[in-house]
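Subject: Handover of a structure and notes on its features

Dear colleague,

I am writing to hand over the structure below, together with an account of what was found in it. Please keep it open while you read, so that each residue can be located as it is named.

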Amino acid sequence: MSVISLSSPIFSSLSPVIHSHSPHYFHLSLPVLFILTCALVYVTLLEETPQDTAYNTKRGIVASILVFLCFGVTQAKDGPFTRPHPAYWRFWLCVTVVYELFLIFILFQTVHDGRQFMKYIDPKLGVPLPERDYGGNCLIYDPGNTSDPFHNIWDKMDGFVPAHFLGWYIKTLMIRDWWMCMIISVMFEFLEYSLEHQLPNFSECWWDHWIMDVLVCNGLGIYCGMKTLGWLSMKPYQWQGLWNIPTYKGKIKRIAFQFTPYSWVKFEWKPASNLRRWLAVLGIIFMFLLAELNTFYLKFVLWMPPEHYLVLLRLVFFVNVGGVAMREIYDFMDDPKFHKKLGQQAWLVAAITVTEFLIVVKYDPNTIMLPIPFFIMQCWILGILLILTWTLWRFFIREQRKHCPPPDAEMALVSKTL
């Protein structure tokens, strides 16, 4: 029997938790099974099956997904999060499986069939849509427009501004590191510069890139996220049973805190501490950027307008599964002796990110293969060479020098021996 030491890294950054009762949740397996059985009995015995093949196919697929979700919510393995209820996170784990299976199905279709299949979800889809160009007139103050010289700024104030802020606020809560968030934020703007010849959507004004995105929306979201992380790390995690609280105000407060973490783990990525952590952090940044790019390329190749509800649902999906995946990645990286394999949610999120990219490559290879301008390619090659050079120096050359004694000490040791 293995014993876990309290000095293990898994406990080093864990906030103390005090509770006056054992955490207990009502098990839903039998009630869910009973309700599911009643629903199937009703459909079989009391409902007349419509003579519409397309409708029956849709309803059969939806029913199959719902049965799988019911099974997963009651029987799947719990992840690292337990609040507000373990069943909530089991539900999103099963949604992750369903979404990956949907992507695999789309990947195996022809380009035409895959795009037309989207009409089964929404009849308005399956039609090519022009991408909006965010470039054009980049004057902050336009003297030619006497009625509203700042119209270029107001034109950019759409629903994506609060979405940028909220998105980076949530990403900060997932990553829990200011430097990593800022690197990903800045790197994505460089990617937009590099790929605007492929997607017109990436063509933005310089102040839209660096002022509105990086400084205002992303920067403010990261700042508020770090403030929230500070509060969560300092918050006392002392739990008391709802029925043990005497006042109604205390009960309401306890219900509200049910939607906060049960305990808190501070992420200490330490990328320069060893090669394994350095490569893990580089991999996390790469996958984050790839998932961000997939958002734009998927709607481009599947002909979905930016404001379509499927685009929003994908973002909501990643909000709910991203935090669990990041926690599982951190645990696997920080204490591989205890966490011997990558967590289930992290595995699925990585598979989804890769599958989305493969769909983009298959459905529109001409756009992906458009040559990057030479000067941009030079910048990326230079950046990659700098990273490789620093990696070799930090983890190989410098480490080798540390283990080699200086020449003077070596001569002194020889003379002492003689």
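The notes that follow deal with cavities, charged side chains and backbone geometry. Please bear in mind throughout that this is a predicted model.

**Cavities**

The search of the whole structure gave 2 cavities of 30 Å³ or more. The largest cavity holds about 100 Å³ of space. Its lining is made up of K77, D78, G79, F81, P86, W89, R90, L93, V324, E328, Q344 and Q345. Three elements each give two or more residues to this lining: α4 (86–107), α12 (309–334) and α13 (344–363). Of the elements, α4 gives the most, with 4 residues. Sorted by class, the lining of the largest cavity has 5 nonpolar, 3 polar and 4 charged residues.

**Salt bridges**

The whole structure contains 7 salt bridges. Three of them are described here, beginning with R277 and D334, whose side chains meet at 3.0 Å, N to O. R277 belongs to helix α11 (residues 275–301) and D334 to helix α12, so this pair ties together parts that are 57 residues apart in sequence. Both R277 and D334 are buried.

The next pair is E356 and R314, with the closest N and O atoms 2.9 Å apart. Here E356 sits in helix α13 and R314 in helix α12, and the pair links distant parts of the chain, 42 residues apart. E356 is buried, and R314 is buried as well.

The last pair is K270 and E268, which form a salt bridge at 3.7 Å, N to O. K270 counts as partly exposed because its relative accessibility is 49%, a value that lies between the 20% and 50% cut-offs. E268 is also partly exposed, since its relative accessible area is 31%.

**A buried charge without a partner**

Which residue of helix α4 deserves a separate look? The residue is E100, which lies in that helix. E100 is buried but has no salt bridge. The nearest side chain of opposite charge is that of R314, 10 Å away from E100, whereas a salt bridge needs the nitrogen and oxygen to be within 4 Å. R314 has already been named above as the salt-bridge partner of E356. What does E100 touch, leaving aside its neighbours within four places in sequence? E100 is in contact with A351, I352 and T355.

**Backbone geometry**

Three places in the backbone should also be noted. A cis peptide bond joins R83 and P84, with omega at about 0 degrees. P84 is part of the loop between α3 (53–75) and α4.

R176 is not a glycine, although its phi is positive, at about 60 degrees. This residue lies in the loop between α7 (160–175) and α8 (178–195). R176 counts as buried because its relative accessible area is 12%, which is under the 20% cut-off.

K270, met earlier in its salt bridge with E268, likewise has a positive phi in a residue other than glycine, with a value near 45 degrees. K270 is found in the loop between α10 (248–257) and α11.

When you go through the model, you may wish to begin with the largest cavity and its lining, and then turn to E100 in helix α4.

Yours faithfully,
A colleague

Notes
Residues are numbered from 1 along each chain as its sequence is written. This is a predicted model: local features need pLDDT of at least 70, side-chain atom pairs count only at pLDDT 80 or more; totals for chains, interfaces and linings use all residues. Side-chain values use heavy atoms; hydrogens and water are left out. On a 1 Å grid over the protein atoms alone, a cavity is a set of points where a 1.4 Å probe fits but cannot get out, and a pocket is an open set with protein on both sides within 12 Å along at least five of seven lines; lining residues have an atom within 4 Å of a point. Grid points are joined across faces, edges and corners, and a volume is the space filled by probe spheres set on the points. Ala, Val, Leu, Ile, Met, Phe, Trp, Tyr, Cys and Pro count as nonpolar, Asp, Glu, Lys and Arg as charged, and the others, Gly among them, as polar. Buried means under 20% relative accessible area, exposed over 50%, partly exposed in between (1.4 Å probe, protein chains only). Lys and Arg count as positive and Asp and Glu as negative; His and the chain ends are not counted. Contact means heavy atoms within 4.5 Å.
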